[in-house]
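Dear colleague,

I am handing over the structure below for your consideration. A summary of what was found in it follows directly after.

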Amino acid sequence: LKYPQHVGFDSDECSEANATFMLIEGVSSVRMPQAPRDFNEAQDEWNAWMGEMNAEAPPEMSRGVETSTNLFWLWSVTSITLVSTVYQGMSIVFPFVFVVLLLSTSNVWLALYSTLTILGIVVTVIGVGAAGLMGWDLGTAEIIAAVIIIGFSVDYCVHLANAYTESGARTRSSRMQIALTTMGISVTAGAITTVFAGVFLWLCIL
C-alpha cells in the first residue's frame, strides 16, 4: 500500500480487510491570517463542493466530509459560534441586569434607565467604536470585550443609582446633585484610570 495513512481497513488480515475510509488531501488557496467571517465563506464553499461530490458518488461513498488540521479552520468555527451566541447571551444578561438593579434600588424607573444606559454603552463601544470607527470585525476579542464592558457599565451605574436612591433629598434634581457629588467623583476617577490603563493598548494589533 503506497499511502497507508490515507486508507483505513476494518481488519489486519489482507484477505478479509474491507476499506472503511479514504483520505484525500488537497491544498487550499486560502491564505492566513483571515478574519473568521471571511474564512467562514471558504468553509461554506468547501461544504457545498463536498455536498455536490456526495450527491454524484455511489451510495457506499456518499458520506464524505470536509475537514482540516489547520488550527485556523478549527478556530474560525469557534469564533463564529462565539459571535452567533453573544446576541443570545446579551438577551439573557440584560433582563438579569434589570432585576439586579431593581432589587438594588427598589425603583422600577431607575432600574429601567440604568439598564438602557448600559445597553447604550455596549452598542456605542462595540457597534460604533469597534465596528464603525475602527472597522473591526466582530471576533473573539470583541466578544470578550463586550462582556467586560457590561461588567464595567453595571458597576458604574449601580453606584450612581444607589447614591441617588439613598440620598435624603426630596426632589429629583437634589438627589441627582447629591449622587454626582458623593459618588460621581469616584466613578469619574475610576473611568479615567480605566482609560489611561487601556490607552496604551491602542497601538496593539489584535
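About 15000 Å² of the protein chain is exposed, and carbon and sulfur atoms supply 66% of that area. Please note that this is a predicted model. The protein chain has 206 residues, of which 22% count as buried.

As to its architecture, the protein chain contains 5 helices and 2 strands. Along the sequence they follow the pattern β-β-α-α-α-α-α. Among the contacts in the protein chain with a separation of 6 or more, 46% are accounted for by residues 24 or more positions apart.

Two places may serve as points of entry.

The first is a nonpolar patch on the surface, formed by Trp109, Leu112, Tyr113, Leu116, Leu119 and Val123. Together these residues have about 620 Å² of accessible area. One of them, Val123, lies in helix α3, which covers residues 108-133. Val123 has a relative accessibility of 47% and therefore counts as partly exposed, since that class lies between the limits of 20% for buried and 50% for exposed.

The second is Ser29, which is located in the loop between β2 (19-22) and α1 (36-56). Is Ser29 buried or exposed? Ser29 is exposed, because its relative accessible area is 66% and the exposed class begins over 50%. The C-alpha atom of Ser29 is separated by 9.4 Å from that of Ala42, and the two residues are 13 residues apart along the chain.

Yours sincerely

Technical notes: Residues numbered from 1 in each chain as written. Predicted model: local features only at pLDDT ≥ 70, side-chain atom pairs only at ≥ 80, totals over all residues. Heavy atoms only, no water. Patch = residues over 30% accessible without salt bridge, like charges linked within 9 Å, V, L, I, M, F, W, Y side chains within 5 Å. Areas by Shrake-Rupley, 256 points an atom, 1.4 Å probe, with all protein chains shown as cover. Salt bridge = Lys/Arg side-chain N within 4 Å of Asp/Glu carboxyl O. Helix = DSSP H or I, 4+ residues; strand = E, 2+ residues; numbered from the N terminus. Buried < 20%, exposed > 50% of the residue type's maximum accessible area, 1.4 Å probe, protein only. Contact = heavy atoms within 4.5 Å.
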